[in-house]
Amino acid sequence: MLKTEKLIELSALGLCACLVACSDEGVTRAPSRAAPPQVAGAGASLSGAAQAGGSTAGGSSLAGPSNGGTNPGGGPATGSGAGGAPSSGSAGLPAASGDGAQAGTGAAGNTTGGAPQGGAAGAPAGNGGAGLIEDTPTHDHCIDGEYLDTRDASLATPSAPDKFTASNGDVDLPLPKAVLDWMDERVWKQSHDAWHNIRRCRGGGLPGGGEMGGSTDVCSHTELVPAHQECADADDGYAFLIMHRHMMIALRQAFPQHADLFDGFPKFPFNQTDVPEAWRSRFGTGWTQQILDVANTLESIETHLDQFATEGDLGKYIQCGTMTNGASSIHGALHFKWVVNESPNSLGKQPVNIGNYMFWRLHGWIDRIWERYRVAKGLTTDEPKLVAALLDQCREMHQLGRVIDPNLVQDNTGPLPVEHGYFHETVRPILEKTCAGCHSESSPEARMSLGGHISSADVIKGLVNVQTFDGGQFLRVVPGHPEQSWLYLKASATAGDAGCMGSTCNTQSMPPGATPDKRLSANELSLLAQWITDGAAAPTP
């Protein structure tokens, strides 16, 4: 039996649980990958070993190799499942009510909260980020699941992210170092960055690209460029949902004792108290009415099924909003809300943001909404389309990792030149404060850098008389004419009335979904306009 056939068969048996030694050509099976990766949150029971007849240690469901040997990752395997197979609970569904996760029930026992449980023990030793970890002849991570990582047992219990404090006192919450190391060993940050950028090679709806300091110029690999580009159609919206679910499943298989690190908000964070305390000071006045309307639609998705003909239409709506009429996407608004520019895992910087705890909180919430849509539509987790799509996205992300050489990633730690002038001293600080979180030097949104580790001269080179990627006929900055400059029109929320023509008119105001207290003030807009009116001069040495 082929591995792909085995994957579909296992999925059909019950929400991706394989609790006995499912041996085919000598392969020890871990949980397959079709189930939505939801857990109830901190304190949820994550072990299915008791129902499977296996033993647990420290609350984990950890299976030893089938031959009873030791873990080549550096320590003995703990516990055993039937026949030495991975002890695995069932993967449960998110709560249909949208305000919590429900218990999931599988073919052999159930778990509270229902996260996909850890794969086989005996994981290969980490390579410290030296390159992409490849599969072995007897283990395909896209089909057999990720190995349970031995570092899972060393993480704090209850689960907790790390803490980063910026020079201005803002606090960010990166994932624990062990998880970040796991990602680096698999070139995940660069692969995730490349996954998005390769969908912008043909003028996707939210353009960005490797040539602007991303992990690599992925667009040169034309054989890998998808036909469905970012925000172009429902097919891309579906890929957006699938790829992030694939990553959540993999992380929960590798770190089952701390799977709640990758759990989503149980509901949209309408209030300041809905987010961790470290982020509450940046909540500001909340959300725009447009974002609140979108959130309320999604939180009552069962009564709005007719608004989204397919899962892909739902994914496109979440990721892209309705950009042609100026409406911000809820995905973009959630990312922007908690940006800490100095953070090495800043939520606004695509090359590194999967290392941020909030990334998984917001994408986990999106996944909950998606699964509620699927349940309401009568779709099941053993659906062949879903199983095949998860496999395809795992394969694509791994293939992108293969073409990325981490040693070629741009080094952004060198000193910047000394610069002076109106832009550098007056305008740039405004852009750094409000815009650089998403428009940094690395893989910036819209391929437009407005701050970060980049000289002011290079920022201006990317602005003055440069064609926009999402502004139709407009240039980014037209010297002498702020009313014709897309940068000013977007910042001043007047792009929607500017007469943009063409299929690439994203007229949503910037920052995306920002309330007035988070936008450029009237005085800041006047300073930006003055620089443009005076000729948009470059800085002087």
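Asp-263 and Arg-368 are both buried in this predicted model, and the two residues form a salt bridge in which the closest N and O atoms are 2.6 Å apart. Because Asp-263 lies in the loop between helix H6 (234–254) and helix H7 (289–299), while Arg-368 belongs to helix H10 (residues 357–376), the pair ties together parts that are 105 residues apart in sequence. The structure holds 21 salt bridges, and the points below take up some of them, followed by backbone features in loops.

**Salt bridges within a helix**

- Asp-181 pairs with Lys-177 in a salt bridge whose closest N and O atoms are 2.7 Å apart, and the two residues, being 4 residues apart in helix H4 (residues 177–185), are separated by about one helical turn.
- The partners in helix H4 fall into separate accessibility classes, since Asp-181 counts as partly exposed at 23% relative accessibility, whereas Lys-177 is exposed, with a relative accessible area of 54%.
- In helix H12 (residues 422–434), Arg-428 and Glu-432 are likewise 4 residues apart, which places about one helical turn between them, and their side chains meet in a salt bridge with an N to O distance of 2.9 Å.
- Arg-428 counts as buried at 7% relative accessibility, while its partner Glu-432, at 23%, counts as partly exposed.

**A network of charged side chains**

- Salt bridges also link Arg-245, Glu-311, Asp-367, Glu-371, Arg-374 and Glu-383 into a network.

**Backbone features in loops**

- The peptide bond leading from Thr-157 to Pro-158 is cis, with omega near 0°, and Pro-158 is located in the loop between helix H3 (141–144) and strand S5 (164–165).
- Val-187, a residue other than glycine, has a positive phi near 55°; this residue is found in the loop between H4 and helix H5 (188–197), and at 2% relative accessibility Val-187 counts as buried.
- Ala-493 likewise has a positive phi, of about 60°, although it is not a glycine, and its position is in the loop between helix H14 (486–491) and helix H15 (522–533).
- With a relative accessibility of 44%, Ala-493 counts as partly exposed, whereas Val-187 counts as buried.

Definitions and conventions
Residues are numbered from 1 along each chain as its sequence is written. This is a predicted model: local features need pLDDT of at least 70, side-chain atom pairs count only at pLDDT 80 or more; totals for chains, interfaces and linings use all residues. Side-chain values use heavy atoms; hydrogens and water are left out. A salt bridge is a side-chain nitrogen of Lys or Arg within 4 Å of a carboxyl oxygen of Asp or Glu. Buried means under 20% relative accessible area, exposed over 50%, partly exposed in between (1.4 Å probe, protein chains only).
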